[in-house]
Amino acid sequence: MTHAFYVYASYGFAALVTVAVTLWTWADGRARRRELASLEASGIRRRSARTKGDE
């Protein structure tokens, strides 16, 4: 195994992991937004969305 192969393989693996984590985060964010929209559509509201009269 040459030094260049090790370096390129390391960079390739790091790039693959970075892309995988980015895609996973993006997909999870979309799922959470869908879940939140579903909950709000069923009448469940966030505490942060309360008005001053709700206290």
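## A linked group of charged residues

Asp28, Arg32 and Glu35 are joined to one another in a network of salt bridges, and this network appears in a model that is predicted. The structure holds 2 salt bridges. In one of them, Asp28 pairs with Arg32, and the closest N and O atoms of this pair are 2.5 Å apart. Glu35 also forms a salt bridge with Arg32, where the closest N and O atoms are 2.9 Å apart. As a general point, side chains of opposite charge can pair when their charged atoms come close.

How are these residues placed along the helix? Asp28 and Arg32 are 4 residues apart in helix H1, which means that about one helical turn separates them. Glu35 and Arg32 both lie in helix H1 as well, and their spacing of 3 residues is about one turn of the helix.

## How far the charged residues are exposed

Each member of the network can also be described by its relative accessibility, for which partly exposed covers the range between the buried limit of 20% and the exposed limit of 50%. Asp28 has a relative accessibility of 36%, so it counts as partly exposed. Arg32 has a relative accessible area of 44% and is therefore partly exposed, and Glu35, at 41% relative accessibility, counts as partly exposed.

## The helix and what follows it

The chain contains 1 helix and 0 strands. How does the expected span of H1 compare with the distance between its end C-alpha atoms? H1 has 39 residues, and because each residue is taken to add 1.5 Å, the helix should span 57 Å; the C-alpha atoms at its ends are 57 Å apart, which agrees with that expectation. After H1 comes Gly43, a residue whose phi is positive, near 105 degrees.

## A nonpolar patch and the surface of the chain

Which residues make the nonpolar surface patch? The patch is made by Phe13, Leu16, Val17 and Val21, and its area is about 390 Å². Leu16, one of these residues, lies in helix H1, which runs over residues 3–41. Leu16 has a relative accessibility of 57%, and because a value over 50% is needed to be called exposed, Leu16 counts as exposed.

For the chain as a whole, about 5400 Å² is exposed, and carbon and sulfur atoms supply 63% of that area. Buried residues make up 0% of the 55 residues in the chain.

Methods:
Residues are numbered from 1 along each chain as its sequence is written. This is a predicted model: local features need pLDDT of at least 70, side-chain atom pairs count only at pLDDT 80 or more; totals for chains, interfaces and linings use all residues. Side-chain values use heavy atoms; hydrogens and water are left out. Patches are made of residues with over 30% relative accessible area and no salt bridge: like charges are joined within 9 Å, nonpolar side chains (Val, Leu, Ile, Met, Phe, Trp, Tyr) within 5 Å. Accessible areas come from the Shrake-Rupley method with a 1.4 Å probe; for residues, only the protein chains shown count as cover. A salt bridge is a side-chain nitrogen of Lys or Arg within 4 Å of a carboxyl oxygen of Asp or Glu. Helices (H or I, at least four residues) and strands (E, at least two) are DSSP runs, numbered from the N terminus. Buried means under 20% relative accessible area, exposed over 50%, partly exposed in between (1.4 Å probe, protein chains only). The expected span of a helix is 1.5 Å times one less than its number of residues.
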